[in-house]
Amino acid sequence: MLKDLIIYIAKSLVDEPEKVEVEEIAGERTVVYELKVGKDDIGKVIGKAGKTAKAIRTIVTAASMKIGKRAVLEILEPS
Amino acid sequence: MVNQGIEIEAANMEEAIKKGLDELSLKSRDQMDWEVLTEGEEGVRLKVRKKEQKKEQLVLDEINTLLEKLGTTGKIFIEREGKRLYVNITTKDMDGLLIGKSGKNLESFQHLMSRIIHSKDNSIDFVIDVAGYRKKKERTLTIRAKAFAQEVKRTKRAYIFQPLPPSLRRVIHLVISDIEGVRTYTIGEEDMKKVVIAPTRK
């Protein structure tokens, strides 16, 4: 569910939705989500002074708290 | 964006409509208007365009989709306040999480929805509320701003507010603009912007 949420948000923000990828890495207590977007879209998911990235993390955290999990969102630099 | 429409050619009507939806990246046929240009043995030509969507409808759809992805549902109330749409959301079970400590999460929610909705139509001016939290905060801020204005006039010394999000700073600017003898301005950068109420210079 959280993965779907992250994919949905990222795809809504970028110019190249087909390049959005999210990898889910489940740990003992925490799930890490690695978000990858196209090279030219990284700014769109980070935003001015990291404001958009912060907003995405806040919403993901709220959703994870609702289901009693701990989630961390990492935004990866495009290679 | 001018909605001129595009021409589609296909073997039959069904395929033409499908192709049209595809070209316009729409999901269902009630989002599209079409006009039959020619129809015959050799195939169909259509002129298709995206249906003009009301701003309210777009906001409603986008918020509903996000709520669904968040694993909840909610009631959404939209009201026109001048040029701005006031959108109040009451969810089944996550109002508190969406508001956050002193409304921090609500600001993130607002920012995210603005980015999403403005990527589709950047002429929509809207403010998001959850369970009337922002309205209540705006009301208390109005009362405080008026009281501080009197204090500033009396003492001739400026009053500086705590850092506030744009929508709440706007409330103070508006309230003070109606009061004689005081003026407002903003200091600080990014997330640390503060409104100052100061006596008007003589």
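Here is a short conversation about part of chain B in a predicted model.

Visitor: What makes strand 4 and strand 5 of chain B a pair?

Guide: Strands pair if at least two bridges are found between them. Strand 4 (residues 74-81) and strand 5 (residues 84-91) of chain B are joined by eight bridges and run antiparallel, so they count as paired. One example of a bridge partner is Thr90(B), in strand 5, for Lys75(B). Two residues lie between the strands of this hairpin, where Gly82(B) takes a positive phi near 65 degrees.

Visitor: Why is the pairing in the sheet called mixed?

Guide: The open sheet has three strands of chain B in the order 4-5-6. Strand 4 and strand 5 run antiparallel, whereas strand 5 and strand 6 pair in the parallel sense over five bridges. In that parallel pairing, Asn88(B) has Asp129(B) of strand 6 as its bridge partner. From one strand to the next, the twist averages 20 degrees.

Visitor: What makes strand 4 and strand 6 of chain B stand at the edges?

Guide: Each has a single partner strand, so one side of each is left without a neighbour in the sheet.

Visitor: How do you know that Phe148(B) and Phe161(B) are edge-to-face?

Guide: Ring centres must lie within 6.5 Å for a pair, and planes over 60 degrees apart count as edge-to-face. For Phe148(B) and Phe161(B), the centres are 5.7 Å apart and the planes stand at 80 degrees, so the pair is edge-to-face. Phe148(B) lies in helix 5 and Phe161(B) in the loop between strand 7 and helix 6 of chain B, so the pair ties together parts 13 residues apart in sequence. Tyr159(B) and Phe161(B) are also edge-to-face, at 5.1 Å centre to centre and 90 degrees between the planes. Phe148(B), Tyr159(B) and Phe161(B) form one aromatic cluster.

Visitor: Why is Phe161(B) called buried?

Guide: Buried means under 20% relative accessible area. Phe161(B) has 2%, so it is buried.

Visitor: And why is Phe148(B) called partly exposed?

Guide: Partly exposed falls between the buried limit of 20% and the exposed limit of 50%. Phe148(B) has a relative accessible area of 22%, so it is partly exposed. Tyr159(B), at 25%, also counts as partly exposed.

Visitor: How do you know that Lys135(B) lies over the face of Tyr86(B)?

Guide: For a lysine, NZ must be within 6 Å of the ring centre and within 35 degrees of the ring normal. Lys135(B) is at 3.8 Å from the ring centre of Tyr86(B) and lies over its face.

Terms used
Residues are numbered from 1 along each chain as its sequence is written. Chains are lettered from A and ligands numbered from 1 in the order in which they are written. This is a predicted model: local features need pLDDT of at least 70, side-chain atom pairs count only at pLDDT 80 or more; totals for chains, interfaces and linings use all residues. Side-chain values use heavy atoms; hydrogens and water are left out. Helices (H or I, at least four residues) and strands (E, at least two) are DSSP runs, numbered from the N terminus. Rings of Phe, Tyr and Trp (its six-membered ring) pair if their centres lie within 6.5 Å; planes under 30 degrees apart count as stacked, over 60 as edge-to-face and the rest as tilted. Buried means under 20% relative accessible area, exposed over 50%, partly exposed in between (1.4 Å probe, protein chains only). Axes are lines fitted to C-alpha atoms, for helices over the stretch in contact, and angles run from 0 to 180 degrees between N-to-C directions.
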